[in-house]
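This report describes a structure in terms of its strands, aromatic contacts, helix packing and selected residues. The sequence and coordinates are shown first.

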Amino acid sequence: MTLASTATDRRPQLSPHFMFRWEASQDAYILLYPEGLIKLNPSAGEILKRCNGQHTVAELIAELQDAFPGPAADIDQGVRAFLDVATDKGWLHA
């Protein structure tokens with residue numbers, strides 16, 4: 001895991017090279033970029049729509065734990081893992 005995305009005070013936000021939106025024709029959230037698009041699974045969409053640079057990682061996790069059923073530790077781990085991947089792929093920055 002990358003230390004940057006697991007820091008609870010980090011405020012992730014979408015990289016300026018990407019545009020995030022709901023795409024009805026795909027029935028999914030997508031990331032648009034100059035070379036194409038990425039269709040996101042529902043969990044990724046729920047996480048990314050909260051990555052606006054205003055919320056810390058800890059706040060994102062708490063909000064998702066409140067919004068969705070399941071063990072809090074599993075949600076915490078899943079969010080952190082996704083943030084690591086999204087940061088490594090350049091979708092997010094702090």
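## Structural report

Trp22 is partly exposed, with a relative accessible area of 44%; on this scale buried means under 20%, exposed over 50%, and partly exposed in between, for a 1.4 Å probe and protein chains only. The model is a predicted one, in which local features need pLDDT of at least 70 and side-chain atom pairs count only at pLDDT 80 or more, while totals for chains, interfaces and linings use all residues. Residues are numbered from 1 along each chain as its sequence is written, and side-chain values use heavy atoms, with hydrogens and water left out.

**Aromatic pairs.** Searching the whole structure yields four aromatic pairs. Rings of Phe, Tyr and Trp (for Trp, its six-membered ring) pair if their centres lie within 6.5 Å; planes under 30 degrees apart count as stacked, over 60 as edge-to-face and the rest as tilted. Two of the pairs are tabulated below.

| Pair | Centre to centre | Angle between planes | Class |
|---|---|---|---|
| Phe20 and Tyr29 | 4.9 Å | 15° | stacked |
| Trp22 and Tyr29 | 5.1 Å | 80° | edge-to-face |

Phe20, Trp22 and Tyr29 together form one aromatic cluster.

**The sheet.** Strands (E, at least two residues) and helices (H or I, at least four) are DSSP runs numbered from the N terminus. Two strands are said to pair if DSSP finds at least two bridges between them. In general, the strands of a sheet pair through backbone hydrogen bonds, either parallel or antiparallel.

Here an open sheet of three strands follows the order E2-E3-E4, with antiparallel pairing. E2 and E4 are the edge strands, each pairing on one side only. On average, neighbouring strands of this sheet are turned by 30° against each other, direction ignored.

Strand E2 (residues 19-23) pairs with E3 in the antiparallel sense over five bridges. Within this pairing, Trp22 has Tyr29 of E3 as its bridge partner, and Phe20 stands opposite Leu31 in E3. Tyr29 is thus both the bridge partner of Trp22 and a member of the aromatic cluster with Phe20 and Trp22.

Strand E3 (residues 28-33) is mostly covered, five of its six residues being buried. E3 also pairs with strand E4 (residues 36-39), in the antiparallel sense and over four bridges. Ile30 stands opposite Lys39 in E4, while Tyr33 has Gly36 of E4 as its bridge partner.

**The connections between strands.** How many residues lie between E2 and E3 in their hairpin? There are four residues between these two strands. Asp27 is found in that loop between E2 and E3. Although not a glycine, Asp27 has a positive phi of about 55°. Asp27 counts as exposed, at 58% relative accessibility. The hairpin that joins E3 to E4 runs through two residues.

**Packing of H3 and H4.** Helix H3 (residues 57-67) and helix H4 (residues 72-88) pack at an angle of about 135°, with their axes 9 Å apart. H3 is therefore oblique to H4. Axes are lines fitted to C-alpha atoms, for helices over the stretch in contact, and angles run from 0 to 180 degrees between N-to-C directions. Angles under 35 degrees count as roughly parallel, over 145 as roughly antiparallel, 65 to 115 as roughly perpendicular and the rest as oblique.

On the H3 side, Val57, Ile61, Leu64 and Gln65 meet Ala72, Ile75, Asp76, Val79, Arg80 and Leu83 of H4, where contact means heavy atoms within 4.5 Å. Ala62 lies in H3 as well, and is partly exposed at a relative accessible area of 33%. The C-alpha atoms of Ala62 and Ile75 are separated by 9.1 Å, the two residues being 13 residues apart along the chain.

**The loop before H3.** Is Thr56 buried or exposed? Thr56 is buried, with a relative accessible area of 10%. This residue, Thr56, lies in the loop between helix H2 (42-48) and H3. Leaving aside neighbours within four places in sequence, Thr56 is in contact with Thr8, Asp9, Arg10 and Arg11.
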